[in-house]
Amino acid sequence: MPRIYPLFSSSSGNCTYVGSGSEGVLIDCGASFTKIKNALALNALDIGCVKAVFITHDHNDHVKGLRVLTKKTGIPVYSQSGTLDTLYDMGLISSRAEDIKEYVDLGGIRVSCFPISHDAVQPCGFRITFEDNVSCAVCTDLGYVSDEVRNGIKGCSAVLIEANYDPVMLRNGGYPAYLKARIRSDRGHLSNIDCGSFCAELIGSGTTRFILGHLSRENNTPETAEYAVESEIAKMGYQRNKDYLLSCAPVETTGGFVAF
């Protein structure tokens, strides 16, 4: 049974392992090589399990460990062409790198991507499908839920989805006006409420496991995010722990996964 291991999830760093105890892929590399190795070890995983790393976009909290990881391991990198060009220009890739055309097959793992709206060069989310045709998705840093996002995630059994901010906390918080506007924009981040509405849609297409990710440490809390998302889903008549399971990705793993 495949699993999602949220290793790091916040504006400080993002990295997720998806796969089994013997092989899988990393989605993003937003922590140091040492921290990623240690996080994998806490989950009884070895860096040798990682067949490839897939990068959603070029922001530092998603790529800060990439240079050392690729230099020390030679693990290949996959992303959109614009993102790869930017990562090369930044000197962050020291291994083989390939543009994702339609999908990438890595043994029993197929990874495809879909565009998202964010203020990066060519951002995307990823859908990971396994041999028995069960699939999951990792999708954070999106300003709004587009048709491409809907089509990319529809039918996944499990989803790690962004619930970045609580609108009231953001409005009353200490961020400058321009940053608040950026976060709320269509190229910013997804609010708890919008996340919850989308999760309700996904339950209708078969998703039963949700991991809320990339929570703001200034404008959100796990309790606030879970309550808002659960409340939005309840409007559609779905019940937590009956129709779906819900959890928050930790800022940094202490061990734990979601099987699907």
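This passage walks through the sheets, helices, aromatic pairs and empty spaces of a predicted model.

A good place to start is the sheet that contains the beginning of the chain. In this open sheet, 7 strands follow the order S6-S5-S4-S3-S2-S1-S14, and their pairing is mixed. Its edge strands are S6 (97–99) and S14 (258–259), each of which pairs on one side only. Further inside the order, S1 and S2 run antiparallel to each other and are joined by 7 bridges. One pair of residues can be picked out by eye here: serine 9 has asparagine 14, in S2, as its bridge partner. Helix H1, made of residues 33–42, packs on this sheet and touches S1, S2, strand S3 (24–27) and S4. The direction of H1 makes about 140° with that of S1.

A further open sheet also has 7 strands, this time in the order S7-S8-S9-S10-S11-S12-S13, and again the pairing is mixed. Strands S7 (103–106) and S13 (245–248) stand at its edges; each has a single partner strand, so one side of each is left without a neighbour in the sheet. From one strand to the next, the twist averages 20°.

It is helpful to follow this sheet from the S7 edge. S7 pairs with strand S8 (residues 109–115) in the antiparallel sense, over 4 bridges. Within this pairing, valine 104 has valine 111 of S8 as its bridge partner. The two strands form a hairpin with 2 residues between them, and in this hairpin glycine 107 takes a positive phi near 65°. S8 also pairs with strand S9 (residues 124–130), once more in the antiparallel sense, with 7 bridges. Here the bridge partner of serine 112 is arginine 127 in S9.

At the S13 edge the arrangement is parallel: 4 bridges join S12 (residues 209–213) to S13. Phenylalanine 210 stands opposite leucine 246 of S13. Helix H8 (residues 192–204) packs on the sheet, where it touches strand S11 (158–162) and S12, and its direction makes about 165° with that of S11. Helix H9 (residues 222–234) packs on the sheet as well, in touch with S12 and S13; the angle between its direction and that of S13 is about 155°.

Aromatic side chains come next. A pair of aromatic rings is described by the distance of the centres and the angle of the planes. The structure holds 6 such pairs. In one of them, the rings of phenylalanine 54 and tyrosine 78 have centres 5.0 Å apart and planes at 15°, so the pair is stacked. Phenylalanine 54 belongs to strand S4 (residues 50–54) and tyrosine 78 to strand S5 (residues 77–79), so the pair ties together parts that are 24 residues apart in sequence.

What about the empty spaces? Rolling a probe the size of a water molecule over the atoms shows where empty space is left. How many cavities of 30 Å³ or more does a search of the whole structure find? The search finds 1. The largest cavity has a volume of about 70 Å³. Its lining includes Phe8, Ser9, Asn14, Cys15 and Thr16, as well as His62 and Leu160. Strands S1 (3–10) and S2 (13–19) each supply at least two residues of this lining, and S2 gives the most, with 3 residues. By type, the lining residues of the cavity divide into 5 nonpolar, 5 polar and 1 charged. Serine 9 and asparagine 14, the bridge partners met earlier, are thus met again among the residues that line the cavity.

Pockets complete the picture. The largest pocket holds about 210 Å³ of space. Of the 15 residues lining this pocket, Ser11, Asp61, Arg182, His189 and His214 are the closest to its centre. Helix H7 (residues 177–184) contributes the largest share of the lining, 3 residues. The lining of the largest pocket comprises 3 nonpolar, 8 polar and 4 charged residues.

The second largest pocket has about 170 Å³ of space. Among the residues that line it are Met1, Pro2, Gly19, Glu23, Gly108, Phe130 and Asp132. Its lining divides into 4 nonpolar, 3 polar and 3 charged residues.

How values were computed:
Residues numbered from 1 in each chain as written. Predicted model: local features only at pLDDT ≥ 70, side-chain atom pairs only at ≥ 80, totals over all residues. Heavy atoms only, no water. 1 Å grid on protein atoms, 1.4 Å probe; cavity = no way out; pocket = protein on both sides within 12 Å on 5 of 7 lines; lining within 4 Å. Points joined across faces, edges and corners; volume = space filled by probe spheres on them. Nonpolar A, V, L, I, M, F, W, Y, C, P; charged D, E, K, R; others polar. Pairing = 2+ DSSP bridges. Axes fitted to C-alpha atoms, helices over the stretch in contact; angles between N-to-C directions. Contact = heavy atoms within 4.5 Å. Phe/Tyr/Trp six-rings, centres within 6.5 Å; stacked < 30°, edge-to-face > 60°.
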